[in-house]
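Visitor: Could you take me through one part of this model in detail? I'd like to look at the surface where the protein meets one of the DNA strands.

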There are 2 protein chains.
Amino acid sequence: MRVLIAEDDDRLARAVAAGLLRRGMTVDVALDGGSALAQLAATAYDVVVLDRDLPGVPGDDICRHLVATRSPSRILMLTAARSVRDRVEGLGLGADDYLPKPFDFTELVARIQALARRPGAPVRDELGYADLVLDPGRRTATRAGRKLALNPKEFAVLAYLLRADGRPVSAEELLEHVWDSAADPFTTTVKTTVGRLRAKLGDPPVLHTVRDSGYRIGAE
Amino acid sequence: MRVLIAEDDDRLARAVAAGLLRRGMTVDVALDGGSALAQLAATAYDVVVLDRDLPGVPGDDICRHLVATRSPSRILMLTAARSVRDRVEGLGLGADDYLPKPFDFTELVARIQALARRPGAPVRDELGYADLVLDPGRRTATRAGRKLALNPKEFAVLAYLLRADGRPVSAEELLEHVWDSAADPFTTTVKTTVGRLRAKLGDPPVLHTVRDSGYRIGAE
DNA sequence: CGGAAGGTGACAGCCAGGTGACAGCTGGCA
DNA sequence: TGCCAGCTGTCACCTGGCTGTCACCTTCCG
């Protein structure tokens, strides 16, 4: 699957690209409207992630262009403003989905995957490991059928770890993806949050520490 | 995906049909209420775009009919009048979405797609959770057999939350669907209305807040 | 045994969300 | 037309809990 990220915030674009690459997608990045159009002309993308505030040619215009040319690409709009008006306008322009900044990176990745799956079978994505089940759509988490009262940050961390599917995830990676990308690199909040999450997950332990590489969901 | 457009303005109907065909949908048009009913009886549509001011059988009646027969079709109501009351009534009748004329064509297309994509809890003529029962057709709400005196806005909000079936619904989403889409994005009316609704719903609480995500009907 | 990585509990600031008072609007009615 | 009542939005203020920091402890490993 081929994805174009049209986003002028270089760090953000690269972080998203990294996440998608890890999920096996092919990713290109365009830092301004002009190059986005050029890349769209040259290559057939499955999904286009489109910042509304794009320098050069604004995202709205690119969206209109894609719709007008009956491009088969699905469009996911990003916007800084969170107003209702923006949302309506975004969808009105023909975008397939819409995400206001700031967003949870894992959420973005999930939405891109949902878009990539052709419409039809409604997507009910559920994450889980053993008796632990997470439903991102409903914001619910259960263990052995028992509901877990997770705070938003704890929930986001757990979702990210589950999506990592057993791979150890470093504190830095969590900081970048679950927290604001401008987070203080010396913060200790990750270990605190993981600690609280662990306590709520209960026994037997499913969230393990891999020394020097990070945290991991899985067996022993 | 199969869509029925029940709209007596011939030009408008054809323009919409053309746009939907271009997005790969199968489209039929009914120019009056009678033929709309006939086509609905003959064919299973995913989405019905329903003009309220339909000659023959009015759109409201068709909507009621679809809800009463537990049709799986999703209903998008169109209406010339733009009043809030209209909007609330439309949703109260059991429509899934509502669009006042004049509308932006691309917005209509986007909404139809959104409806089609929506995972399919079938439309019911009665909404409810636990001892709470809502009858959109008769605009009545009861809890544990006791009638609740809900204002129109409160009723519409509750109906929308019940249709979301446990999924958290953001204030933004409520604003867009229950209020006028041109609503002030910084308004605090949602939390006020939800507060009043909560007070009327009584104990035990069924309307919960999910921090950073919205409101949700359900257990704890 | 010493240092670094990781865990834990206490604490405080802040902000999302809740609440009550009030006022404007609207629709019904005489 | 003027009055009244109920619905709905705004505003100011409150509060509870989420989250980050910090100090200190434990564990691991060379």
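Guide: Here is a walk along the protein surface near DNA strand D, with a short stop at the cysteines afterwards. Keep in mind that this is a predicted model. In total, 21 residues surround DNA strand D. The closest come from both chains: Thr187(A) and Thr189(A) on one side of the list, and Asn151(B), Thr187(B) and Thr189(B) on the other. By residue class, this surface splits into 10 polar, 7 charged and 4 nonpolar residues.

What does the protein meet on the strand? Of the DNA strand D atoms within 4 Å of the protein, 62% are sugar or phosphate atoms, and the rest belong to bases.

Now for some individual contacts from chain A. Take Thr187(A), already named among the closest residues: an N or O atom in its side chain sits 2.3 Å from a phosphate oxygen of DNA strand D. Trp179(A) also points a polar side-chain atom at the backbone, 2.9 Å from a phosphate oxygen of the strand. Arg196(A) goes for a base instead, with a polar side-chain atom 3.0 Å from a base nitrogen of DNA strand D. As for secondary structure, the elements giving two or more residues to this surface are α6 (152-163) and α8 (189-201) in chain A, plus α6 (152-164) and α8 (189-201) in chain B.

And the cysteines? Searching the whole structure turns up 0 disulfides over all chains. Cys63(A) has a relative accessible area of 0%, so it counts as buried, and Cys63(B) is likewise buried at 0% relative accessibility.

How values were computed:
Residues numbered from 1 in each chain as written. Chains lettered and ligands numbered in written order. Predicted model: local features only at pLDDT ≥ 70, side-chain atom pairs only at ≥ 80, totals over all residues. Heavy atoms only, no water. Near = heavy atom within 4 Å. Polar contact = N/O pair within 3.5 Å; in protein donor to acceptor, adjacent residues only side chain to side chain. Helix = DSSP H or I, 4+ residues; strand = E, 2+ residues; numbered from the N terminus. Nonpolar A, V, L, I, M, F, W, Y, C, P; charged D, E, K, R; others polar. Disulfide = S-S within 2.5 Å. Buried < 20%, exposed > 50% of the residue type's maximum accessible area, 1.4 Å probe, protein only.
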